[in-house]
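This report walks through the fold of one protein chain, moving from its overall dimensions to the arrangement of its strands and helices.

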Amino acid sequence: MNILASMIFDVHSHIKQPGSFQILQSNGAVLEDSFYSAGIHPWKAANFKSKINDLLKLAEHENCIAIGECGLDRQTGPALGIQQEALEAQLLLSEQLQLPVIIHCVRSFSEIVQVRKNLKPKQPWVFHGFNKSSLLDKLISEDLMISIGSSILNNTSLQECLNQIPNQNLLFETDNSDIEIKAIYQKAAALKELTLQELESIVEQNFKRTFKKWTIGSKEQNCY
Ligand SMILES: [Zn+2]
């Protein structure tokens, strides 16, 4: 008998859900009862320089296990050049603090890849909210982690490309959705013809390898 309860990981969420290990998105405050990510969203990049010190304090807290979400968004927010500066400042912080990055990317994929080529970061990057199958090859060749959210439930092109994502690149998230992370895992397991337990074990390894600062036990209220 397996005495360990199964573990389900939700790598990026704005909504607290019981029943999983979550990385909650901080809104600017330290979260005392949860692991969290801290970053300057590209929509709010306008005067990022005045926010970097606060971000550093948030990011140095023991509960902060990732930088982000940060990135580029061609659809919303200030000029791309400003967003790019804000992103690069945070990527440097990620390297300095040895924290992985949760990347937000809307219609600016080639710029993200270029930044990665230039910076050659040591820390893992998690491409969050992945839903565009056409980007997959490039993401894999750049060795980004790929986090899939609730769109796996109804986006057929995403469903069709799931099996092309190497197991070791795969993560899941709920983001803004109130869909349970377990439903996302269940759908993905069915599409991959794995049992839920098999998928959990794959993602658990990926999670622990990516978010090295995460430790079991200290955030019991988030335990499954
Ligand atoms: Zn988000």
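Of the 224 residues in the protein chain, 39% count as buried, in what is a predicted model. The chain has 7 helices and 8 strands. Its radius of gyration is 17 Å, close to the 17 Å that the globule rule gives for 224 residues, so the chain is as compact as a globular protein of that length. Along its principal axes, the C-alpha trace spans about 50 × 40 × 30 Å. Where contacts link residues at least 6 apart in sequence, 70% of them join residues at least 24 apart.

The strands form an open sheet of 8, in the order S1-S2-S3-S4-S5-S6-S7-S8, and their pairing is parallel. At the edges lie strand S1 (9-13) and strand S8 (170-172), each of which pairs on one side only. On average, neighbouring strands of this sheet are turned by 30° against each other, with direction ignored.

At the S1 edge, S1 and strand S2 (residues 21-25) run parallel and are joined by 3 bridges; Phe 9 has Phe 21, in S2, as its bridge partner.

Two helices can be described by the strands against which they are placed.

| Helix | Residues | Strands | Angle |
|---|---|---|---|
| H2 | 80-97 | touches S4 (64-73) and S5 (101-106) | about 160° with the direction of S4 |
| H7 | 196-210 | lies across S1, S6 (125-127), S7 (145-148) and S8 | about 90° to S8 |

Helix H2 thus packs on the sheet by way of S4 and S5, while helix H7 lies across a set of strands that includes both S1 and S8, the edge strands of the sheet.

Terms used
Residues are numbered from 1 along each chain as its sequence is written. This is a predicted model: local features need pLDDT of at least 70, side-chain atom pairs count only at pLDDT 80 or more; totals for chains, interfaces and linings use all residues. Two strands pair if DSSP finds at least two bridges between them. Helices (H or I, at least four residues) and strands (E, at least two) are DSSP runs, numbered from the N terminus. Axes are lines fitted to C-alpha atoms, for helices over the stretch in contact, and angles run from 0 to 180 degrees between N-to-C directions. Two residues are in contact if their C-beta atoms, placed from the backbone, lie within 7 Å. The radius of gyration is taken over C-alpha atoms; the globule rule is 2.2 Å times the number of residues to the power 0.38. A residue is buried if 20 or more other C-beta atoms lie within 10 Å of its own, exposed if 12 or fewer, and partly exposed in between; C-beta atoms are placed from the backbone.
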